[in-house]
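This report works from the overall architecture towards individual residues. The sequence and the structure are shown first, and the reading follows.

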Amino acid sequence: MKKSSTTPKISEAQRKEIIETASRIAIEQYHKEAERVKKAAKNKRLHNTELLMKNYRKFVIHSESAIYDASQVDDDLDLDTLLDIMDCGGKGKAPSVRSVQESVAKTRLLIRHVDTMLSCFEAVCQKSRKPEDARKLRVIRGLYLVDEPKTPQEIAEEEKVDPSTVYRDKRDALRQLSALIFGYFE
């Protein structure tokens, strides 16, 4: 005895409604995912901008102080031994450490770009009639660009504002700098 399978038949209208609903849900999910990816990229740029600013002085020191060529060394008593260990240089070549040299070149390029964008940010802040824009510039300078950085609390005391204002100014300034440094895209 065979069992009869009875699968419900769906009408053409029901099938069309199912397809439209599934399509609408898929499109909504696609847009949500696209928005999440966009937000993640924006957050990454903002994070990278803050890292650039936190390490700015170190980058400058590296680009100005790195030694990658024998001509930069005053006391080269052990230079040949060191270069042999590092396998840098060869017969008849001026000894140099190419990876350090390339790193310095890239760092100098980065610093030059950041310096240019900081100048643009400074110009925007100085042209603004809003006192908070001038304060944002002072906050960025105080936190990242001076030889002895200040804490947000120290800046708040100097500016006679609440520390939360300093944090807000920092966040807003970093967003503006991020757009300048990495370009703006939505």
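In this protein, residues 24 or more positions apart account for 69% of the contacts with a separation of 6 or more. The model is a predicted one, and the fold contains six helices and zero strands, which read along the sequence as the pattern α-α-α-α-α-α. Of the 186 residues in the protein, 23% are buried.

Confidence should be considered before any detail. The average pLDDT of the protein is 85, and 81% of the residues score at least 70. The lowest confidence is found in helix H2 (residues 79-86), with a mean of 60, and the highest in helix H5 (residues 152-159), at 97. Where pLDDT is low, the predicted coordinates should not be read in detail.

**Helices H1 and H3**

For two of the helices, the span expected at 1.5 Å a residue can be set beside the distance between the end C-alpha atoms.

| Helix | Residues in helix | Expected span | End C-alpha distance |
|---|---|---|---|
| H1 | 54 residues | 80 Å | 76 Å |
| H3 | 30 residues | 44 Å | 44 Å |

In H3 (residues 98-127) the end-to-end distance agrees with the expected span, and in H1 the distance of 76 Å is likewise in agreement with the expected 80 Å. H1 nevertheless has a kink of about 55°, which is centred on Asn55.

The buried residues of H1 are Arg45, Thr49, Leu52, Met53, Tyr56, Val60 and Ser63, and they pack against H3, H4 and H6. In H3, the buried set consists of Val104, Thr107, Ile111, Val114, Met117, Leu118, Phe121 and Cys125, and the elements that cover these residues include helix H1 (12-65), helix H4 (131-145) and helix H6 (163-182). As general background to such spacings, an α-helix has 3.6 residues a turn, so residues three or four places apart point the same way.

**Two residues in their surroundings**

Thr107 is located in helix H3 and, because its relative accessibility of 11% is under the 20% cut-off, counts as buried. When neighbours within four places in sequence are left aside, Thr107 is in contact with Phe59, His62 and Ser63, and Ser63 is itself among the buried residues of H1.

Lys170 belongs to helix H6, where its side chain is joined to that of Glu50 by a polar contact of 3.0 Å. Besides Glu50, and not counting residues up to four places away in sequence, Lys170 touches Val139, Ile140, Leu143 and Tyr144.

**Cysteines and an unusual backbone angle**

How many disulfides does the count come to? The count comes to zero disulfides. Cys125 has a relative accessible area of 2% and is therefore buried, whereas Cys120, with a relative accessible area of 32%, is partly exposed.

Where does Lys160 lie? Lys160 is placed in the loop between H5 and H6, and its phi is near 60°, a positive value in a residue other than glycine. With a relative accessible area of 74%, which is over the 50% cut-off, Lys160 is classed as exposed.

Note on methods: Residues numbered from 1 in each chain as written. Heavy atoms only, no water. Helix = DSSP H or I, 4+ residues; strand = E, 2+ residues; numbered from the N terminus. Expected span 1.5 Å × (residues − 1). Buried < 20%, exposed > 50% of the residue type's maximum accessible area, 1.4 Å probe, protein only. Contact = heavy atoms within 4.5 Å. pLDDT = per-residue confidence, 0-100. Polar contact = N/O pair within 3.5 Å; in protein donor to acceptor, adjacent residues only side chain to side chain. Bend = angle between axes of the 7 residues up to and from the residue. Disulfide = S-S within 2.5 Å.
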